[in-house]
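Me: Please take a close look at the nonpolar interior of this protein. I would like one connected account of what is packed there and what lies around it.

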Amino acid sequence: MTHSKPDSSSNCNNYKIDVKKAVEYARLCGRLKTTPRTGWVLRHVPNPESVADHSWRVAALSLLLQSPNSNSNLDISKCIEMALVHDLAECIVGDIAPSDNVSKEEKVRREHEAMHTIADTLKGCHLGGDVNQLNSTFSNDLTSNNNYYSWERLLSTFEAYERRSCEESIVVKDLDLLDMILQADEYERATSSSDNCHTPLNLQEFFDGTPVTRFKNDIVREVAQEIHRQREERRVRENQHQNANCTNIQNERKIHETDTLSDDDLAFVQSFAASHSLNANNKLSIDDIGSVVRALRAKDKLKK
């Protein structure tokens, strides 16, 4: 397909934009900021991240792959651009999860329809644009993206990601998964902290479903392996701490069990007090005798 190409001879000062449409487009994209990631909501994560939060970090993670010594022809700018739009359709359709019982085909249809709605809105921002020129199929060759109109570029980038038709799209999918397991680890850490008021989370299923072998890019795979390693180390420390706490709690319970004197011990204390004529004027009181008996009982409990 041949794409429309901006007239390079036109003066950029003559560029016009429909400001109302521009605000409409901005508000549409802004919905991602208040669209929570469904996976976290279903696992009862407190204050779950939004889709925009996720997309931003996927874009930022793309910079990990920028290296002057790399032999890869990976275009980091395309990765960042793809990361920003890879979940953009969710501002209209929401974050569709398997539990929604939506087929893969229907999910694809809804998301593509949403992307065309967004592209139509973006195209309407440019005065004189012909919305009818939008088509459902775009070239996967992003090498000439600078020659695209913005709405064509938006759809081409999204289509390339969905089809995994270039190296950048494969890498961004890896980064999408990397952000997910990193976020899962961060939620576990946040809720396992001793000063939090939430039930500790166990998001093991996200790590089981995203093993290191699932990552195709070597660099991203190494980072994923480190996230898995750090999580396992943390879980070992937490289990050790939890076991120590359980031991302390058991000891405290044994001591607490001796706080109330048995009938026999109480009779002994009263008999001892009476035989030694203990009263309020004595330095040694009945309470003192009771405390000694409780302490001895606690010592016996701990020995057991």
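Reply: What follows goes through the nonpolar cores, then the cysteines, then the pocket. The model is a predicted one.

The largest nonpolar core is made up of 31 residues. Within this core, W40, L175, L178 and I181 have the most contacts. At least two core residues come from each of α3 (51-61), α4 (76-85), α7, α8, α9 and α10 (218-257). The largest share belongs to α8, with nine residues. Leaving aside residues up to four places away in sequence, W40 touches V45, P48, E49, M180, Q183, A184, Y187, L203 and F206. A second core, separate from this one, has 16 residues, among them L28, L88, I118 and F158. In general, nonpolar side chains in soluble globular proteins tend to be buried together.

There are zero disulfides in the structure. C79 is buried, because its relative accessibility is 0%. The closest cysteine sulfur to that of C79 is in C166, and at 7.9 Å it is too far for a bond. For C29 the closest cysteine sulfur is in C91, at 5.9 Å, which is also too far for a bond.

As for open space, the largest pocket holds about 1,000 Å³. Its lining numbers 34 residues, and D95, I96, P98, K107 and K173 lie nearest the centre. Two or more lining residues come from each of α2 (38-42), α6 (104-124), α7 (150-163), α8 (167-192) and α9 (204-208). The lining of this pocket is mixed in class: 14 nonpolar, six polar and 14 charged residues. Helices α7, α8 and α9 thus appear in the pocket lining and in the largest core.

Definitions and conventions: Residues numbered from 1 in each chain as written. Predicted model: local features only at pLDDT ≥ 70, side-chain atom pairs only at ≥ 80, totals over all residues. Heavy atoms only, no water. 1 Å grid on protein atoms, 1.4 Å probe; cavity = no way out; pocket = protein on both sides within 12 Å on 5 of 7 lines; lining within 4 Å. Points joined across faces, edges and corners; volume = space filled by probe spheres on them. Helix = DSSP H or I, 4+ residues; strand = E, 2+ residues; numbered from the N terminus. Nonpolar A, V, L, I, M, F, W, Y, C, P; charged D, E, K, R; others polar. Core = buried A, V, L, I, M, F, W, Y, C linked by side-chain atoms within 4.5 Å. Buried < 20%, exposed > 50% of the residue type's maximum accessible area, 1.4 Å probe, protein only. Contact = heavy atoms within 4.5 Å. Disulfide = S-S within 2.5 Å.
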